[in-house]
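These are my notes from going through one protein chain. I looked up the overall make-up, then surface, cysteines, aromatic rings and charged pairs.

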Amino acid sequence: MAAAAVATVCPAPMKATSHGAFQKDNPLNFAVPLIILQICLVVVLTRGIAFLIRPLRQPRVIAEIIGGVLLGPSALGRWKPFLNNVFPKQSLTVLDTLANIGLLFFLFLVGLELDLRAIKRTGKKALAIALAGISLPFILGIGVSVVLRATISPGVSAAPFLVFMGVALSITAFPVLARILAELKLLTTDIGRMAMSAAAVNDVAAWILLALAVALSGSGSPLISLWVLLAGAGFVAFAALALRPGLDWMARRSPDGEPVKEIYVCAMLTIVLAASFVTDVIGIHALFGAFVMGLVVPKEGPFAGALIEKIEDVVSGLFLPLYFVSSGLKTNVAAISGAQSWGLFVLVTATACLGKVLGTLGVALVVRQPAREAIALGFLMNTKGLVELIVLNIGKDRKVLNEETFAIMVLMALFTTFITTPIVMAVYRPGRKAAPYKHRTVLRGPSDNESELRIMVCFHSTRSIPAIINLIETSRGRRRRGLTVYAMHLMELSERSSAISMVHKARRNGLPFWNKSLDQEPGHHIVVAFEAYHQLSSVSVRPMTAISVLATMHEDVVTSAQQKRAALIILPFHKQQRLDGALESVWGDFHHVNQRVLRHAPCSVGILVDRGLGGAAQVASSEVAASVAVLFFGGRDDREALAYALRMAEHPGIKLAVLRFLPRQNSSFFLDRADPEVDEALMNALREAMAAVGDGSISLEEKTVGDGAETIAAVKAMGRCNLFLVGRAPPVTALAPRTDCPEMGPVGSYLASSDFSTTSSVLVIQQYDPEATHKHLVQEVDQPDEVPDTPSVNRSARFVHPV
C-alpha cells in the first residue's frame, strides 16, 4: 500500500528562479532557467536543420517538425538523463503554455494573411478544385478512420474520430504552400494562382471543420455540442458586426507615413487574448478566437502591417518552434511497430495523397487544365503544415487520438509535405517566354540613335533611391523617344509572415510583380520618390518589386529584363559606405546575386558603387551639375561605358571627361585587343560630339602609361568627379594586387576600394556579347504568353506617363 501511495505522488511544482549555482541550486530544477535553455536548444536545432535541408528547397516547417520529433521520445528523448533534465514532466506545463501563447499570435498573423474579399472573388475553377480537394480526402479519411478504429484505436468515440481524421487528411497549409510556390517560381503562373485561391478556401473550410470536430469531441451530450457550435457562430458574428467597426476606427486613425500609436497595438493584442479566452470558454479552442480576430482586422493601410511588424519575429522565431517541440514530445515513432502499424501508416499516407491528387486531378481535367498542371496542382494541395499539427494535438488532448495514431498522422504530414517540392519540380516546370528584341546594349549604330533606351535599375534599400533617381536624371538625354526605366526593389523571401503576405499579394501581378499596393498607398515612400521625380522630368519610371530567395533572385532580374526588353541592368554594389567613408559589406549575399546576373543577363549590366551620387535627394533638371569621367582602355566593355557616358553628356548639367589610356611600347600592363579599329571609330564619334557641342562640356585627354602605378596616378590627377564609368573587362592587368570583388574587373575593383576615393561613385559596365555562350533562362518566341511591357496606364497613371 505504501509503495502504491508513493507511486501516485505528483512531483512538486517548479519554483520560478534559482539562487544560482554558487548557492548549490541546480538551474534545471527551476522554471525560468529551464525554459530559457529549452528555447535556445529548440531554436539552434531547428535552424540548424533548416540550414541543412535548404538545398532541398524545403519550407522551414519541415525542419521544425523534424526538430520536435528528434527532441522527443523518438530520438534524444530515449536517453533518459537528457529527457529528465532538459524536458522533465513538471516543466511541460510551462512549455505548453508558452507554445500555445506563441501559437495564438501566429494564428492571428495567419488570419491577417487571409483576405476574405479575395476568397469571395475566387473563380469557379478554383472553387471547384478546392471543394474537390476537401471533400474526397474527407470521405476517404472517414473510411480510413473505420480501419483504424477496428485495429489500433478501439473504443474511441466514433463521431469525433471520423471528423478529426477527415479534417487531418483534407487540410492544405496555406502559408507553407505560398512559400513552396514562391521557391519554385510558380506563384504567378496559372497553377500558382489556382493553388493559392483553392488553398485560401481550404483554409477557411478547415477551421470550420475543426470547430465542428472540437465541438463533437466534448464528453457531454449531442445537445451540448450543438450549443458549442451555436455559441461559436455567435462569436464570429459578434466579431464581424461589433468588433470590426472599432478596428476600422483604429485603422483610420493610423494614417500613412506615421507610426501606429502604441495604445492601438496594445489594445489589439489584448483583444486577441480576450477573443481566445472567449472561444476557450465556449469550448471550441482558444486558437479559433485568435484566427477570427486576424480575419476581421482591416487589411488596408499601415495598421495590419504594424501589427505584423510588432509580433512576427518574436512569435515565429522563438515561441512557435516550441509548439513543434511540444508536438514532438508527444510523438513516439517507436509506437509504430510491427507490420500492422507500418501498413496503417502506408494506408493513411497513400489515402491522403490519393484523395488530394485524384480529387484535384479529376476536377482540374474537367475544367480543361493540362494534365501535368493538374497532377502538380494535386500534390501542391496535399501540402500539410502547422494547422495539421494543431488538429492532431487537439485530437490527442481530447483523447480522440491515441499515441500510435498520433505518431502515424505526424509522420504522414511530414512525408506528404516533404515530397511536394521534388514531385512538383519533376512533373511541372513552366517555361518562361519573351519576345526577341534587338537593342540589348547602350551602344548602337547610327540608324538606331533615336531608339528608346530601356534600363532596369535594381535596389535593395530605400537609401539607394536618391542615387537611382539622380542616375536616371543624368541618363535621360534629349532624344525623341527618350528613356524608360524599370525600378525593381529586390526583397529576400523569408519565413516571416509579412513576406508571405506580400507573396500572397504578388500572385495576381507576376513575379517580379507590379506592386499594386503602391498604387493603393499614395504615401508609400517609393511612390512618393518617383512621383516627385516625374514632376521634374518626362522620364517614364515604373516601380516593381521582386520577392525571391537569394539563390534564385538573379532569375527574376534576368527574366524581367528580357520580358521588358531592357538594354541595361544596373545593380547595386553589395557594399555600403560608412560615415567615415569606408565601404562595408552589408548585403553580402547579394554579392553572389550580382555575379549570377552578370553570367546570365540578356543585355548589358552595370554595377553601381554609390558614394552619395548627386547628394541625399533628387534635384530639378535645371539645377543638375555633375562631372562624369570615363576611363577608356579599349575593348567591348569600355566602349559600352563610353556610349553610356555620351548619352549622359546630352544633359545640359553634365560635364564629361574622357581619359584614354594608350600603351607604352613593350608594356606588359596592356593585353591584346581584339578589335582596335572599333575603338578608333568610337573615338572619332566622341570627337564629333565634342565639335558639335563646342562649349567644352565634353573633353578628351590621352595618356600613355606602362604600368598600374602610372595609371593610378593619372586617374587621381583628374581630380574629383561625381561618377566614374569604366568597363568591367578592359584589356589591362589588375590595378590592385588583391581584391574580394573579382566581378568588378581589374580597374573597377580598384575604383570600388576605399584606397581610391570616398566621394566618387563608380559604375562598372559589362557589354552584352551576342557571340558568347549564354545559358538562357527565358525562351524567346515570336508570340510570348507574357506581355513584355507595363500594365495599363490607368493602374499607375499617377507616376507612369509616356515620354
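**Overall.** I began with the surface: the accessible surface of the protein chain comes to about 33700 Å², and carbon and sulfur atoms hold 60% of that. The model is a predicted one. I noted 28 helices and 14 strands in the protein chain. Of its 803 residues, 57% are buried. I then looked up contacts with a separation of 6 or more, and 81% of them in the protein chain are between residues 24 or more positions apart.

**Surface patch.** I found a nonpolar surface patch of about 450 Å², made by Leu 223, Leu 226, Trp 227 and Leu 230. I checked Leu 223 further: this residue lies in helix H11, residues 222-252. Leu 223 counts as exposed because its relative accessibility is 53%, and the cut-off for exposed is over 50%.

**Cysteines.** I searched the whole structure for disulfides and got zero. For Cys 458 the nearest cysteine sulfur is that of Cys 603, 9.8 Å away. A disulfide needs the two sulfur atoms within 2.5 Å. I also looked up accessibility: Cys 458 is buried at 3%, and Cys 721 is buried at 6%.

**Aromatic rings.** My search of the whole structure gave eight aromatic pairs. One of them is Trp 249 with Tyr 264, whose ring centres are 5.9 Å apart. Their planes stand at 70 degrees, so I entered the pair as edge-to-face. Trp 249 is in helix H11 and Tyr 264 in helix H12 (residues 262-282), 15 residues apart, so the pair is listed as linking distant parts of the chain. Trp 249 is partly exposed at 41% relative accessible area, whereas Tyr 264 is buried at 7%.

I next looked at Trp 342 and Phe 345, with ring centres 5.7 Å apart and planes at 90 degrees, so this pair is edge-to-face. Both sit in helix H15 (residues 338-366), and because they are three residues apart, about one helical turn separates them. Trp 342 is partly exposed, with a relative accessible area of 38%, and Phe 345 is buried at 14%. I also wrote down one aromatic cluster, formed by Phe 633, Phe 661, Phe 669 and Phe 670.

**Salt bridges.** I noted 11 salt bridges in the structure. Which residue does Glu 64 meet in a salt bridge? The partner is Arg 60, at 3.5 Å from N to O. The two are four residues apart in helix H3 (residues 60-71), so about one helical turn lies between them. Glu 64 and Arg 60 are buried.

Arg 636 forms a salt bridge with Asp 769, with the closest N and O atoms 3.4 Å apart. Arg 636 is in helix H25 (residues 636-649) and Asp 769 is in the loop between strand E13 (761-766) and strand E14 (779-780), so this pair ties together parts 133 residues apart in sequence. I have Arg 636 as partly exposed at 29% and Asp 769 as partly exposed at 23%.

Arg 639 forms a salt bridge with Asp 679, the closest N and O atoms being 2.6 Å apart. Arg 639 belongs to helix H25 and Asp 679 to helix H26 (residues 676-693), so parts 40 residues apart in sequence are tied together. Arg 639 and Asp 679 are both buried. My last entry is a network in which salt bridges with shared partners join Arg 660, Glu 680, Arg 687 and Glu 702.

Conventions. Residues are numbered from 1 along each chain as its sequence is written. This is a predicted model: local features need pLDDT of at least 70, side-chain atom pairs count only at pLDDT 80 or more; totals for chains, interfaces and linings use all residues. Side-chain values use heavy atoms; hydrogens and water are left out. Buried means under 20% relative accessible area, exposed over 50%, partly exposed in between (1.4 Å probe, protein chains only). Contact means heavy atoms within 4.5 Å. Accessible areas come from the Shrake-Rupley method with a 1.4 Å probe; for residues, only the protein chains shown count as cover. Patches are made of residues with over 30% relative accessible area and no salt bridge: like charges are joined within 9 Å, nonpolar side chains (Val, Leu, Ile, Met, Phe, Trp, Tyr) within 5 Å. A salt bridge is a side-chain nitrogen of Lys or Arg within 4 Å of a carboxyl oxygen of Asp or Glu. Rings of Phe, Tyr and Trp (its six-membered ring) pair if their centres lie within 6.5 Å; planes under 30 degrees apart count as stacked, over 60 as edge-to-face and the rest as tilted.
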